[in-house]
Amino acid sequence: MTSNPPQTSRLPVLVHLTTGERIELASQNVTIGRADDNSVVIAIDPYISAHHARVYWEQGRWWLEDLNSSNGTTVNEQLISGPWQLSPHDVIKVGRTLFRIE
């Protein structure tokens, strides 16, 4: 069951910890990977899978899940094996790329 996304003023942001780039999560389903059809494309990290992970809105909360990537996805240095509820300041690692959720 999917509920309505939060108000625009409260949308979370992914902050790329190397470049400082800020990516607003303006969609209920954001994919991260090397392939061009992802919402967030990270082509320069060879450790990221074509379709590595996704951040999505469900049950009134933001979640992260790994999309069966080769190298896994971590939150706060913990490898996730299923959907993970995100909180502000969580650090997400896909490949060798780090993001902080704000």
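The following questions and answers concern the sheets, one buried histidine and the charged side chains of a predicted model.

Visitor: In what order do the six strands of the open antiparallel sheet stand, and which strands are at its edges?
Guide: The six strands follow one another as β2-β1-β11-β10-β7-β8, with antiparallel pairing. Each of the two end strands has a single partner strand, so one side of each is left without a neighbour in the sheet. The edge strands are therefore β2 (22–24) and β8 (78–79).

Visitor: Which residue in β11 stands opposite Ile92?
Guide: Strands β10 and β11 run antiparallel and are joined by four bridges. The hairpin they form has two residues between the strands, and Gly95 takes a positive phi near 60° in this hairpin. Opposite Ile92 in β11 stands Phe99.

Visitor: Which residues of strand β11 make up its covered face, and which its uncovered one?
Guide: In a regular strand the side chains alternate between the two faces of the sheet. Strand β11 spans residues 97–101, and its uncovered face carries Leu98 and Arg100. The covered face is made up of Thr97, Phe99 and Ile101.

Visitor: Is His16 buried or exposed?
Guide: His16 lies in strand β1, and this strand, residues 13–16, is joined to β11 by three bridges in the antiparallel sense. Leaving aside its neighbours within four places in sequence, His16 is in contact with Glu21, Ile42, Thr97, Leu98 and Phe99. A relative accessibility under 20% counts as buried, and because His16 has a value of 10%, it is classed as buried.

Visitor: How far is the backbone nitrogen of Thr18 from a polar atom of the side chain of His16?
Guide: The side chain in question belongs to a residue of strand β1, His16. Between a polar atom of that side chain and the backbone nitrogen of Thr18, the distance is 3.2 Å.

Visitor: What is the pairing in the open sheet of five strands, and which strands stand at its edges?
Guide: This sheet has the order β4-β3-β5-β6-β9, and its pairing is mixed. One parallel pair in it is β3 (residues 29–33) with β4, joined by two bridges, where Gly33 stands opposite Val41. The strands that pair on one side only are β4 (40–41) and β9 (84–85).

Visitor: What is the N to O distance in the salt bridge of Glu65 and Arg54?
Guide: Glu65 belongs to strand β6 (residues 61–66) and Arg54 to strand β5 (residues 53–58), 11 residues apart. Glu65 counts as buried at 18% relative accessibility, whereas Arg54, at 21%, counts as partly exposed. Arg54 also lies over the face of Tyr56, at 3.9 Å from the ring centre. In the salt bridge with Glu65, the N to O distance is 2.4 Å.

Visitor: Which residues are joined into one network by salt bridges that share partners?
Guide: Glu102 forms a salt bridge with Arg22, with the closest N and O atoms 2.8 Å apart; because Glu102 lies in the segment after β11 and Arg22 in strand β2, the pair ties together parts that are 80 residues apart in sequence. Glu102 is partly exposed at 32% relative accessible area, while Arg22, at 51%, is exposed. The side chain of Glu102 also meets that of Arg100 in a salt bridge, at 2.7 Å from N to O. The network thus joins Arg22, Arg100 and Glu102.

Conventions. Residues numbered from 1 in each chain as written. Predicted model: local features only at pLDDT ≥ 70, side-chain atom pairs only at ≥ 80, totals over all residues. Heavy atoms only, no water. Pairing = 2+ DSSP bridges. Buried < 20%, exposed > 50% of the residue type's maximum accessible area, 1.4 Å probe, protein only. Polar contact = N/O pair within 3.5 Å; in protein donor to acceptor, adjacent residues only side chain to side chain. Contact = heavy atoms within 4.5 Å. Lys NZ or Arg CZ within 6 Å of the ring centre and 35° of its normal. Salt bridge = Lys/Arg side-chain N within 4 Å of Asp/Glu carboxyl O.
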